[in-house]
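Trainee: Could you take a close look at one part of this model for me? I'd like to hear about the open sheet and the charged pairs on and around it.

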Amino acid sequence: MHTENKTLIHRIHDLAQPLLESQGLELVLADLVTEDGHRILRLLLDKSGGITLDDCARFAKEFGYLLDIHINIPGQYSLEVSSPGINRPLVQPRDFERFAGETIKLRTHTNIDGQRNFRGELLGITEDQVNIKLAEKTVAIPYMEIHSARLCRD
């Protein structure tokens, strides 16, 4: 992600936080992507007990107003608010603790033990190391080396 987009995503996150808290929601992931030549500000939300379509619609409506007033996103874009789905991305360090015991898929930036793709039981995170139990061993992956990680529930 470009530095400009990172800064914009941080500003969006900061703007969203009070509204998220007031509605009992959690921002799982915010991303500004281009698909088929169209820009999309994609927000994945969750909450304890699961998120509903009404939760997403209410947040999108209220947050859309805040965006229009407080943040100038260059060019045209669409705001897309949805649930993270059953294969929820794991983004923050707290996610790796919260979902310990679940099966995950994880991809690293560089090779670790000769591979970049891992699938196994998430054991948690300690001292910035994500621990995964694979079939034959347990591997500790530095949090900063993680390119992407998702729950694997299908």
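Mentor: Here is a walk through the sheet first, then the salt bridges. Keep in mind that this is a predicted model.

Let's start with the strands. The open sheet is built from three of them, in the order S1-S2-S3, and the pairing is mixed. Strand S1 (26–35) and strand S3 (77–82) are at the edges; each has a single partner strand, so one side of each has no neighbour in the sheet. On average, neighbouring strands here are turned by 15° against each other, ignoring direction. As for how strands hold on to one another in general, they pair through backbone hydrogen bonds, either parallel or antiparallel. S1 and strand S2 (residues 38–46) go for the antiparallel option, with nine bridges between them. Then there's helix H2 (residues 53–70), which lies across S2 and S3 and runs at about 145° to S3.

Now for the charges. Side chains of opposite charge can pair when their charged atoms come close. Searching the whole structure turns up eleven salt bridges, and a few of them involve the pieces we've just met.

Take Glu-35, which makes a salt bridge with Arg-42; their closest N and O atoms are 3.1 Å apart. Glu-35 belongs to S1, whose range is 26–35, while Arg-42 falls within S2, residues 38–46. Is this pair buried or exposed? Neither, quite: Glu-35 counts as partly exposed because its relative accessibility is 38%, and Arg-42, with a relative accessible area of 21%, is partly exposed as well. That second value sits just past the cut-off, since buried means under 20%.

Further along S1 and S2, Glu-26 stands opposite Asp-46 in S2. Both are acids, and both show up in a network of salt bridges that also links Arg-88, Arg-94, Asp-95 and Arg-98.

Next comes Lys-47, whose side chain meets that of Asp-55 in a salt bridge, 3.0 Å from N to O. Asp-55 falls within H2, residues 53–70. The two ends of this pair sit in contrasting surroundings: Lys-47 is partly exposed at 25% relative accessible area, whereas Asp-55 is buried at 5% relative accessibility.

For a salt bridge away from this sheet, look at Asp-113 and Lys-137, with closest N and O atoms 3.5 Å apart. This pair links distant parts of the chain, 24 residues apart: Asp-113 is in the loop between strands S4 (103–112) and S5 (115–126), and Lys-137 is in the loop between strands S6 (129–133) and S7 (138–142). Asp-113 counts as exposed at 55% relative accessibility, while Lys-137 is partly exposed at 34%.

Terms used
Residues numbered from 1 in each chain as written. Predicted model: local features only at pLDDT ≥ 70, side-chain atom pairs only at ≥ 80, totals over all residues. Heavy atoms only, no water. Salt bridge = Lys/Arg side-chain N within 4 Å of Asp/Glu carboxyl O. Buried < 20%, exposed > 50% of the residue type's maximum accessible area, 1.4 Å probe, protein only. Helix = DSSP H or I, 4+ residues; strand = E, 2+ residues; numbered from the N terminus. Pairing = 2+ DSSP bridges. Axes fitted to C-alpha atoms, helices over the stretch in contact; angles between N-to-C directions. Contact = heavy atoms within 4.5 Å.
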